[in-house]
Amino acid sequence: MAPSKNYLVAVGVALCIATPLENARAATRVGVTSAVNPAAEAQRPGGAAKTITLGDEVIHNQVINTSGEGLVQILLADGTTFTVGPNSRLTIDSFVYDPQAGTAKVSASLSKGFMRFIGGRTSKTPGGATINTPIGTAGIRGAVVDIDLGKMGQQSGDKGKGNGKARNGGSDGGTSAPPHVSLIFGHEVTLTAGGVSNRLFKAGYSVVVDGGQAQVIRTPPSFVRTVQDQLAGHPGTTGGATKPPSDQTVRNSGVDQHNSGSPLVSNIPVPLPRPDKLPEKIVETAQTDSVERAAEKASETPGTRAVAIRALTSRDPADGGGNGILGGSPETDRQGSLTGAAGSNGTASLNDGTTLTLPVYADGAFSRQAISGVAYGGSTYSGFGYAGLEGFRAYMLTNGSDPLYVIAGTPTANVSNAFLSSGTRRYSLTADALSGLTTGDGAAIPFAYGPGLSGVDMSGAQSSDFLVAGTPANSNPDVKAKGLQAWLVIDGTGAGQKSAIGATTGSIELLGDDVSYGFVGKRGGSQRLDATDGSVSYSGTVTSAAGAGGGTSVFGSNGQNLVLTNDLDNASAKFKDRPNYGMSLPIGTTNFATAHVANLASTDQTVSRSYDGKTLTGYNSVAMSTDGTVSLKAGTTRMTFNGGDGTFNANFKQFDDDGNLYNDEIGFSDDYGGAVYLDDAAFAASGSNNRSYVVNSELAPVKIFDGGTSAKLCDCSYLSWGWWGQADTGDGSIISAHLGNWVIGDVTANLDMPASGTATYSGHAVGTVLDGGSQYVATGNMAASVDFGSRTGSVAISDFDGRNFGSNVSFPGSSTFTGTNGSTSLTGSFVNGNGLAAEGMIGAFTTSDGGWSASGIFAGDRN
């Protein structure tokens with residue numbers, strides 16, 4: 001038998017090269033246990049279970065079982081590590097490693113519990129590392145991945161031994177989190193189940209499987225804390241050491257001659273304070289372990305090379321610049337090259353004869369590095385450098401007031417193919433270097449004027465990733481994909497409330513040169529930072545920035561990176577925050593721009609596009625300002641969705657008799673408002689036309705219900721609701737609206753309505769209040785009861801801005817009900833859901849009480 005090419009390494013011992021005799025004896029050996037807490041057993045095929053000890057061999061098809069106190073780390077010959085947590089079961093199904101032939105492949109099965117996988121050489125090869133689990137097959141490439149199966153496969157008897165307590169603090173095995181796969185570090189992991197795959201490309205994201213449905217989310221800190229706690233050494237455990245070292249053992253070891261007796265080191269790193277609390281968002285890795293960094297650079301060839309770059313600075317205020325507005329002239333948009341070796345500083349030489357020094361990065365998983373002390377043009381700049389694959393680099397620096405951005409990368413050669421696959425892509429966004437505006441959980445709030453929002457508490461704000469979906473069936477062949485982003489903050493309640501919303505929608509499309517592709521979108525939204533004052537509306541064009549020499553402004557063969565900012569080819573392009581009628585501050589329009597690096601973090605192929613080809617109807621409400629006079633309105637809504645083109649049409653019609661037909665019906669479409677439909681949870685419209693916007697609430701699910709603990713209008717996934725607004729001048733009037741509401745669903749046909757029986761519904765209401773000159777968003781509870789036989793019922797809204805109101809309703813000839821009780825008017829419809837008729841209820845209301853008045857929407861699920 002020829003000697004195998006296996007090399008086994010155990011923690012804390014020297015490299016051992018197996019002899020032919022040893023290899024014959026270990027023909028099926030795949031690795032060793034490098035750390036053990038002894039409440040773990042191994043069972044070889046056909047053999048009895050035995051307690052695992054440090055250094056035990058691990059063979060093919062050997063089952064590793066741990067109890068509530070067990071913990072095992074398995075080290076394979078290629079450097080791959082499996083750390084198996086308590087109450088878990090892992091089998092190494094196969095392992096092949098021949099470093100001379102370049103063959104590396106590992107397959108394992110986790111049937112219960114949780115584990116951390118750190119990829120060795122096997123995970124650097126395509127299809128080299130797969131983990132089979134009850135929730136699907138995880139394919140891992142060059143990554144550190146946590147897999148937690150939660151309660152799956154656990155039994156009530158799965159407890160810890162010895163002290164009788166499970167390590168997770170519960171009486172049963174498993175963790176309380178839903179089953180999930182999390183990317184902790186590295187390139188990517190794909191979870192495939194039932195022919196559907198979800199890919200994670202960025203650390204800090206997870207695929208969660210709950211109720212048989214997979215969903216991509218930002219990794220909650222609870223996931224990370226749970227795994228860290230479970231995999232950490234606990235009191236009374238020894239990591240497998242049969243004789244734990246005592247103080248005397250250490251004194252006798254002579255370690256002081258090699259440690260305390262050694263000369264002082266002059267470059268000791270300064271430790272950073274540990275944060276009191278983990279952020280909700282796992283941010284880009286700033287520093288990594290030297291072993292992980294070496295693994296990322298293993299495929300790099302060291303040496304000095306020159307990379308083409310584009311350097312951008314802000315326009316002079318005299319030319320309509322300042323406030324981060326980029327480019328537009330040769331003096332602010334330069335070309336050049338960055339020369340240097342990875343891991344060292346390089347020299348950037350620009351075409352205007354200027355130079356600057358920047359760090360040179362190697363290709364690898366998307367990462368962020370802090371940069372300071374960059375001298376250029378008489379100023380000193382600092383910020384962050386972002387590095388990814390295929391030469392993508394973005395240096396986002398400022399001197400405190402002006403930006404200096406340097407971009408490099410390989411343009412996507414075939415944009416059509418890059419966006420051909422199904423699913424919704426999630427791109428994480430970096431915060432603007434100047435404003436640094438983020439939510440409380442660390443998500444960037446893009447395309448927003450930070451100084452103007454400085455007085456707003458952003459801790460409860462929500463901001464989506466930049467979401468993109470390919471449109472290969474688009475009726476316009478120049479459009480290859482649609483994209484959108486939205487954010488929302490509602491700070492406080494009542495007359496002290498501050499609120500703002502932003503939406504950007506557009507396309508990845510063929511640009512004006514008929515050769516290059518890039519993102520072109522419109523910015524919309526509005527803010528009201530004083531409940532007694534007017535609102536401000538948002539507008540402007542958002543585009544992706546190309547690298548040196550122009551061309552396609554999407555980077556990487558998979559379209560994995562973009563840099564989004566103002567239109568660099570238009571000398572007058574900028575973002576605008578424009579006061580509406582009655583707005584006293586700020587005086588005049590604010591012109592500015594922001595810039596954000598987008599990195600492909602995941603692709604969610606489980607999204608639903610059930611709205612495609614359908615028209616859904618419902619209701620809306622709004623406080624409409626006309627020449628400074630505000631009136632509360634309610635009306636109907638109709639939305640028609642086109643999945644092939646990735647768009648939708650929306651129509652808002654008001655119930656009123658003011659005689660002004662101009663503003664009684666407002667429409668949104670792809671041409672008239674930039675409407676984008678990616679999936680049932682991700683659709684929005686924005687545009688400079690009318691400075692209008694429509695935003696689905698699931699894009700920015702702010703918790704405004706039940707005392708700030710819930711973001712759900714009702715427990716009814718078959719409905720959609722959200723926000724809308726506009727600003728316009730027409731019919732001789734100045735018209736604006738901020739944070740109106742809408743709700744839509746599949747309205748039940750009258751023929752399908754139940755002919756007898758009763759039902760109750762419960763949910764929430766949301767709308768706008770006018771009270772003593774103040775305008776703000778309020779919420780409340782909704783409850784309804786109906787008698788289908790008599791076609792009557794009642795709808796009650798309670799604790800809406802501290803008030804209760806409602807009305808009896810009737811629906812004699814249709815599924816639409818109406819009712820009036822004094823100053824309260826209600827209109828609504830029954831909607832289908834979960835395959836059942838009249839499963840839900842939606843509607844709109846107006847009401848008043850002296851100087852207090854409100855309009856809004858409501859929705860409820862059948863109890």
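**A guided tour of the predicted model**

Begin by selecting residues 159–172, where pLDDT, the predictor's confidence in each residue on a scale from 0 to 100, stays under 50. For this stretch the model has 37 contacts beyond four places in sequence, a contact being a pair of heavy atoms within 4.5 Å. Select next residues 264–301, where pLDDT again stays under 50 and the model has 47 contacts beyond four places in sequence.

This is a predicted model, in which local features need pLDDT of at least 70 and side-chain atom pairs count only at pLDDT 80 or more, while totals for chains, interfaces and linings use all residues. Residues are numbered from 1 along each chain as its sequence is written, and side-chain values use heavy atoms, with hydrogens and water left out.

**The whole chain**

Display the entire protein chain. Its mean pLDDT is 83, and 79% of its residues reach 70 or more. The chain contains 6 helices and 55 strands; these are DSSP runs numbered from the N terminus, helices being H or I of at least four residues and strands E of at least two. Of the 863 residues, 52% are buried, meaning under 20% relative accessible area, with exposed being over 50% and partly exposed in between (1.4 Å probe, protein chains only).

**An open sheet**

Now select strands β19 to β26 in the order β22-β21-β20-β19-β26-β25-β24-β23, which is an open sheet of 8 strands with antiparallel pairing. Two strands pair if DSSP finds at least two bridges between them. At the edges stand β22 (355–359) and β23 (367–376); each has a single partner strand, so one side of each lacks a neighbour in the sheet.

Move to β26 (residues 403–408). What surrounds this strand? Because 6 of its 6 residues are buried, β26 is largely enclosed by the rest of the structure. Pro403, Tyr405 and Ile407 point one way from β26, and Leu404, Val406 and Ala408 the other way.

Then add the partners of β26. Strand β19 (residues 304–313) pairs with β26 in the antiparallel sense over 4 bridges, and Leu312 has Tyr405 as its bridge partner in β26. β25 and β26 also pair in the antiparallel sense, over 6 bridges, with Tyr395 opposite Val406 in β26. These two strands form a hairpin with 4 residues between them, and Gly400 in the turn has a positive phi of about 105°.

One step further, β24 (residues 379–387) is joined to β25 (residues 393–398) by 6 bridges, and the two run antiparallel. Here the bridge partner of Gly385 in β25 is Tyr395.

**The cores**

Select Trp721, Trp723 and Val766, which touch the most other members of the largest nonpolar core, a set of 37 residues. A nonpolar core is a set of buried Ala, Val, Leu, Ile, Met, Phe, Trp, Tyr and Cys residues joined through side-chain atoms within 4.5 Å. Strand β30 (residues 479–491) gives the most to this core, with 4 residues. A second, separate core has 36 residues, including Ala77, Phe95, Ile131 and Leu191.

**A loop residue**

Finish at Leu699, in the loop between β45 (692–696) and β46 (720–730). Is Leu699 buried or exposed? Leu699 counts as buried because its relative accessibility is 5%. Its C-alpha atom is separated by 7.7 Å from that of Gln485, 214 residues apart along the chain. Beyond its neighbours within four places in sequence, the contacts of Leu699 include Ser463, Leu467, Leu484 and Phe683.
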